[in-house]
Amino acid sequence: MVKAFMLLIIAISLFNLQVIGKEEIPLEPALRYGKLKNGMTYYIRHNEEPKERVSFYFAQNVGAILENDDQNGLAHFLEHMAFNGTENFKGKGIIEYLEKHGVEFGANINAYTSQDETVYNILRVPTNKEGLIDSCLLILYDWSNGLLLTDEEIDAERGVIIEEWRTRRNSQFRMNAKRDKALYHGSKYAKRDVIGDLDVIKNFDYQTLRDFYHEWYRSDLQAVIIVGDIDVDETEKKVKELFSKIPPVPNAKERKDYDIPNNKEPLYAIASDKEASNNMISFMYKIPSFPDKKDVEYLKHRHIKNLFNRMVEARIKEVLEQPNPPFMYADARISNFIPKKDLAVFFAAHSENGWEQAVHAITTVVEKVRDFGFTQGELERAVNNMVSELEDSYAKRDKKQNVMYAIEYKMHFLNEYPIPGIKYKLDFAKEFLPTVTINMVNALAQNFLSDENLVIVASGPEKEGLTYPSKEEILAVIDEVKSAELEPYVDSFVDKPLIEKEPIAGKIITRKQINAGQLEATELELSNGIKVLYRPSALEKGTIICNVHSWGGRSLVSEENLGNAFVLSDFVRGYGLGDFSSTDLNKKLTGKVVSSSFYMDDLAEGVYGRANPKDLETMFQLIHLRFTNPRFNKDDYQSIHQKIKENLENMKNNVGKAFQDSVSLIMAGYHPRSLTWGDELFNTVSYEGVKNVYLDRFSNAADFVFSFSGDFEAEKLEYLIERYIASIPTIISEKEKYTDHGIHSPEKEINKYFKRELETNKSTVYINLHNKNYSFNTENNLYARIIARLLKKKYLEEIREKEGGSYFVNAYTKIIKHPNEEIQLIIQFDCEPANTVKLKKIALEEIQQLIKGNVSEEDLEKVKNSFIKSEKEQINTLNYWHSMLYYYTYDGRTRLTYDDYSALVASITPQSVIKMARKYFKDAVKVEVIMTDK
């Protein structure tokens, strides 16, 4: 495999890509970058997306890979402890302080640990509140050098970590653990799964955790990242002054990068699990990572790798469109892995016992690339798409979010990820990509199908009748393909217009202005009866959004056709559009930033569209074709049908689906039309049935309302509307309505408990309190959300922190307007089976406490501040305003101005919350569904 990597370097040099000496990739000009004497690195950047907000990241080149055996899991444990007492913020002081300013734990305050890194974040902090930025800097300072790590807090957190272990131990986690023994064979990575060993978590000595903290949490391994609506000079001054106080650690232990040993012979693992849903075969080749990521040559290498990945992915998609495809899905790509290694991977998900066909097919794709390379047309499309995406990013550079910059800077610190800025990236790509040749890209294919550094993994369910191949059997199939006389790939794509015959344009008949609340828009009536609303907006330069909506959906589909309706979107997506198959449509849209997708739910159907101004006409053409020339193809039907069938078979082991199916059936009162997706429904699906459902639902465009928002000129938009929307043939008649079939929530309390053999000993608890005597309006909806948020906070305190009973308790409301108004309060969590009754009782008691009148004024203020802060952030986004336009077309709904919304939130008191809780939840109907391990 080293030989394969060297072939790439040789190929690059042959085509004049090497330069004499090194040329370093520059840093983005707007970034303030520096390093203190104690080794602390900092990144500071001014950015105004969103305005009056700043985001903080604290990145540490520290992860589970640095643990000793008696510390297995403590890097992750330490991450939790950063929120459990520091020198300047005792106990839960960090969370309590920040939430007073609307900065919410989980959504805005969070952290993660991996094998190689630990990263904390505080996001969307208001910049207009005195002292708040200074306090956030102090929090980062404490994370670096001031964790208290008291005995009491450590012991309290053990239960939380154990429950996180329980929650994360799903089938994929267990299969990954089996895979990793082969993939990381012979390295320390094979011994560290981040969350660690339960015996260590339960019993480690307090000092062991403190030793890990003092040894590895140190300034030379840390970076402060600050991006937002701030004064860079002033912020840099504060960072230098505060963080320079941290003394360097004397005789600091070397933080080395760990590697994975090479292997001459292929390594093989079977990663099976009783709850697994998919059969898959994976081939992973360990290859050296690029030696110097600061060098311009690395950027060239990354571009070539990107081109390779795009082209091989497109090849695989074509195979997937064949009748009876040899695999359900597949991929082949080269990606980053660990600091010293990249990973070349190809894999295929297949039907039960269908591994041989899948291996043969995916190997054939890769081997054809190795033997014959790519075509010039494939390369040109990949280059055009890359340049187009970079041009789109450049056009939208002023709307790039704080968090996206911060993540890039984190990656620069931890992984040497280049951060030259979008202008440099675009200029570099435009200069370099046209010089890339087929041979340069083809050299990367040598990283596949080598005999060295190969790891093979077969994964899937454990069940009777299912067998897994041996390593020798798999290699024999690969050898068979390699020795066969293969034919080169033929690019059969023929370019032609999306719409061959120019549509006969219609006319705008009437035009009027809409002024509804804070919504201002233009409403058009077209000559074919279609209604269009539009609202230009400069909030997101380079983005235009379209929604097309009609009432009806599955409610107007006959009971015998429900199976066809359930899978309709899968077929519509796979068929392509007009005269273009799905593959050819992707090729046709090369270099364009545009999309169009169909949807249908219980009550409505429609189309989503998105484009930049340059490709706006293409979006209109795609929408026009949805109504005038949808594509149906029997070969494509067979291919998609086969994939759905195999996926359905695989899902039979999915315990999550079994649980959710039980919930859905109960909440729908076991209505005949409320069917769960399974064999019975799938067996009713047919080619003609799918086609007829689509044609019926899209037979009359006059029944749809079209809405457009974004960066467009009204004159140009109206021209395109007349050309592509007013030209759609219609039947101007009475508008359709959905049908209420009487699918309603239970009228009486239901308690459903069932046992299932689980691989991890746990219970899943679902509680639903619903009330049909609900009035859907802005004020009630706001109260419902606030009640759920208050409960979520209480569950965090009582069930997670105090009891250590569950890693995460979710509480949320489902607010229904159609077909009948209803409010549902839903609580869901996982826990140890022995604690199920106790924790369920706590969850229900907290609701009763709220109804009885026990509402914390302090908690309510935190929640209110969070809601106001979030609303302020949303009003400067295009999605906010488009949703307002969409919901106005949907059912006449309007939205309060920010000032009115803030006033409404501010007016909420503990007494008014109690009143609302009593009104809707005191006499609510309760449904409990609990699944537990046998």
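Lysine 396 is partly exposed in this predicted model, with a relative accessibility of 22%. Its side chain forms a salt bridge with aspartate 392, and the closest N and O atoms are 3.0 Å apart. Aspartate 392 is buried, at a relative accessible area of 11%. The pair thus joins a partly exposed lysine to a buried aspartate.

This contact belongs to a wider set, as a search of the whole structure finds 80 salt bridges. Another of them connects lysine 587 with glutamate 318, with an N to O distance of 2.8 Å. Lysine 587 is part of helix α19 (residues 582-588), whereas glutamate 318 is part of helix α10 (residues 296-320), so this salt bridge ties together parts that are 269 residues apart in sequence. Here the lysine is buried, with a relative accessible area of 9%, while glutamate 318 is partly exposed, with a value of 22%.

In a further salt bridge, between lysine 926 and glutamate 928, the closest N and O atoms are 2.6 Å apart. Lysine 926 has a relative accessible area of 15% and is buried. Glutamate 928 is also buried, at 2% relative accessibility. Because buried means under 20% relative accessible area, the values of 15% for lysine 926 and 2% for glutamate 928 place each residue in that class.

Salt bridges also occur as a network, in which Arg32, Asp233, Glu236 and Lys240 are linked.

Methods: Residues numbered from 1 in each chain as written. Predicted model: local features only at pLDDT ≥ 70, side-chain atom pairs only at ≥ 80, totals over all residues. Heavy atoms only, no water. Salt bridge = Lys/Arg side-chain N within 4 Å of Asp/Glu carboxyl O. Helix = DSSP H or I, 4+ residues; strand = E, 2+ residues; numbered from the N terminus. Buried < 20%, exposed > 50% of the residue type's maximum accessible area, 1.4 Å probe, protein only.
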